[in-house]
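Visitor: I would like a quick tour of this model. Please keep the answers short.

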Amino acid sequence: MEVLYGAVAASLLLGFLGFCYVLASSKKEAKGKVEGNARSAAVIDGSVDGRPRSEDDGATDVIVVGAGVAGAAIAYVLGKDGHRVHVIERDLSEPDRIVGELLQPGGYLKLIELGLQDCVEEIDAQRVLGYALFKDGRNTKVSYPLEEFSSDVSGRSFHNGRFIQRMREKAASLPNVQLEQGTVTSLLEENGTVKGVVYKVKGGVESKACAPLTIVCDGCFSNLRKSLCHPNVDVPSYFVGLVLKNCELPYPNHGHVILANPSPILFYPISSTEVRCLVDVPGPKVPSITNGEMTNYLKTVVAPQVPPQLYDAFISAIDSGSIRTMPNKSMPASPYPTPGALLMGDAFNMRHPLTGGGMTVALSDIVVLRNLLKPLHDLNDSSSLCKYLESFYTLRKPVASTINTLAGAYTRFSVHHLMKLEMRCGMPVLITSALEGCSQMVQWLCCQDSIPAH
Ligand SMILES: Cc1cc2nc3c(=O)[nH]c(=O)nc-3n(C[C@H](O)[C@H](O)[C@H](O)COP(=O)(O)OP(=O)(O)OC[C@H]3O[C@@H](n4cnc5c(N)ncnc54)[C@H](O)[C@@H]3O)c2cc1C
């Protein structure tokens with residue numbers, strides 16, 4: 001068991017150090033790039049200049065499928081760069097989910113680069129300054145190394161739906177970006193080139209949209225990625241989500257990681273009055289909510305390991321009956337470069353969310369893509385564009401591979417592997433070191449030649 005704790009601690013600390021890496025690599029870029037981008041919210045109504053959009057009016061440069069973190073951000077930046085963007089999103093009402101609630105500081109720096117940092121304002125977002133680690137009644141705090149950044153730079157945690165809605169409004173505020181509610185059912189292909197999409201709008205009416213480039217950002221349950229990549233999806237565990245009310249976190253403005261048995265428990269604020277709890281449940285399925293197994297599991301296995309300050313609020317959250325679950329998926333990026341189409345966000349690449357890196361990778365990828373597309377005004381030559389965009393997969397690696405590899409430590413460290421590591425590096429010492437300031441961890445990291453690409 002000590003070895004498993006070591007694995008989780010290693011993963012978390014590796015993740016933490018990964019974000020330090022993203023921060024470090026962003027330092028130069030961040031300076032002087034904060035621009036005031038506050039705009040009034042535009043109405044999201046699926047119309048262009050007040051008229052309904054017609055089927056393929058030939059006036060679109062880029063179709064974006066899905067307006068989550070990735071789709072909304074891409075739509076905004078490509079619109080800002082002068083492209084005519086048509087976003088098709090299945091549900092334009094405010095999402096209510098337990099995903100994407102903690103944006104790491106590296107992700108916030110990417111938001112700044114994209115001119116979207118005001119999307120974390122006016123949503124009661126909370127600043128996150130680091131992590132607190134708990135195990136067996138002991139705890140310690142590890143702060144993000146933010147000294148060299150301007151004072152607004154930190155992590156942010158929030159209701160995912162509020163953040164997404166701000167991003168959608170910001171994208172839709174541009175005259176050349178149109179958000180439409182509709183469900184994309186398939187890609188339109190002609191001789192191996194994607195020409196656009198088929199989608200259904202309200203009432204089941206089918207429509208088509210065409211553009212030289214279609215960017216598919218339909219998330220972790222993507223139906224469309226199968227023709228654009230090899231979707232090798234692994235589900236090592238589930239997160240069970242609860243919202244705690246009327247409680248104070250032991251370390252305000254910090255994520256809390258409880259190194260529990262059999263798996264970690266996370267707590268972090270999502271507003272000034274609410275704390276999100278995510279319980280990692282390893283294995284292919286979770287206890288049933290409907291027959292009471294879940295309540296029993298949470299009360300008997302998890303609750304005794306919750307810090308005393310949060311115990312009553314944790315029990316009240318279970319008793320409120322509002323228990324949500326989500327599969328924790330991981331999927332390496334393995335696209336089939338296809339003329340006319342690109343995958344982005346979770347549809348393209350996923351990693352275990354324990355270290356909260358998904359939005360940072362998505363936003364970092366968008367910075368890379370935006371920089372590549374910036375000099376291009378005409379996207380019509382799909383084959384040349386596809387060839388040109390191959391460099392995207394190389395350029396994204398410094399950030400994406402680092403975060404993926406570090407998050408992957410959670411799933412890749414088998415007990416056997418850890419025993420070998422234990423002999424080599426003193427892994428059981430690791431958790432003690434974590435609780436005492438992670439100096440051993442850094443030393444161990446220094447032993448590595450490199451972090452393998454993923
Ligand atoms: C439990 C859990 C917790 C997580 N916590 C964090 C965290 O704290 N921090 C972090 O950085 N990351 C976290 N992640 C990862 C993060 O949520 C994702 O990386 C991020 O949401 C990916 O954004 P996306 O835009 O690709 O997908 P999504 O945000 O899922 O957006 C996809 C969009 O596409 C739309 N859509 C889907 N199908 C269609 C269709 N056919 N037609 C039209 N529209 C469609 C959907 O309605 C949705 O709006 C977590 C993930 C999980 C599972």
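What follows is a set of questions and answers on a predicted model.

Visitor: How many helices and strands are in the chain?
Guide: The model is predicted. The chain runs to 454 residues, and 48% of them count as buried. Its secondary structure consists of 13 helices and 20 strands.

Visitor: What share of the contacts with a separation of 6 or more comes from residues 24 or more positions apart?
Guide: Take the contacts in the chain with a separation of 6 or more. Residues at least 24 positions apart account for a share of 76%.

Visitor: In what order do the 5 strands of the open sheet run?
Guide: The pairing in this sheet is parallel. Its edges are strand 10 (177–181) and strand 20 (341–343), each pairing on one side only. From one strand to the next, the twist averages 20°. The order is 10-4-3-14-20.

Visitor: Which residue stands opposite V87?
Guide: Strand 4 pairs with strand 10 in the parallel sense, over 5 bridges. The partner of V87 lies in strand 10 and is L179.

Visitor: What angle does helix 2 make with strand 4?
Guide: Helix 2 packs on the sheet. It touches strand 3 (62–65), strand 4, strand 10 and strand 14 (213–216). Its direction and that of strand 4 make an angle of about 165°.

Visitor: Which strands does helix 4 touch?
Guide: Helix 4 covers residues 160–172 and also packs on the sheet. Its direction makes about 130° with that of strand 10. The strands touched are strand 4 and strand 10.

Visitor: Which element gives the most residues to the shell around the ligand?
Guide: There are 37 residues around the ligand, and G66, G68, G219, G345 and G358 come nearest. Elements that give two or more residues include helix 2 (69–80), strand 4 (85–89), strand 11 (183–190) and helix 7 (358–373). The most, 4 residues, come from helix 7.

Visitor: How many residues of that shell are charged?
Guide: The shell around the ligand divides into three classes. Nonpolar residues number 18 and polar ones 13. The charged residues number 6.

Visitor: Is G100 buried or exposed?
Guide: G100 sits in the loop between strand 4 and strand 5. The cut-off for burial is 20 or more other C-beta atoms within 10 Å. G100 has 23 such atoms, so it counts as buried.

Visitor: Which residues does G100 touch, leaving out those up to four places away in sequence?
Guide: The C-alpha atoms of G100 and T360 are separated by 9.8 Å, though the two residues are 260 apart along the chain. The residues that G100 touches are V69, N160, G358 and M359.

Notes:
Residues are numbered from 1 along each chain as its sequence is written. This is a predicted model: local features need pLDDT of at least 70, side-chain atom pairs count only at pLDDT 80 or more; totals for chains, interfaces and linings use all residues. A residue is near a molecule or strand if its C-beta atom, placed from the backbone, lies within 6 Å of it. Ala, Val, Leu, Ile, Met, Phe, Trp, Tyr, Cys and Pro count as nonpolar, Asp, Glu, Lys and Arg as charged, and the others, Gly among them, as polar. A residue is buried if 20 or more other C-beta atoms lie within 10 Å of its own, exposed if 12 or fewer, and partly exposed in between; C-beta atoms are placed from the backbone. Two residues are in contact if their C-beta atoms, placed from the backbone, lie within 7 Å. Two strands pair if DSSP finds at least two bridges between them. Axes are lines fitted to C-alpha atoms, for helices over the stretch in contact, and angles run from 0 to 180 degrees between N-to-C directions.
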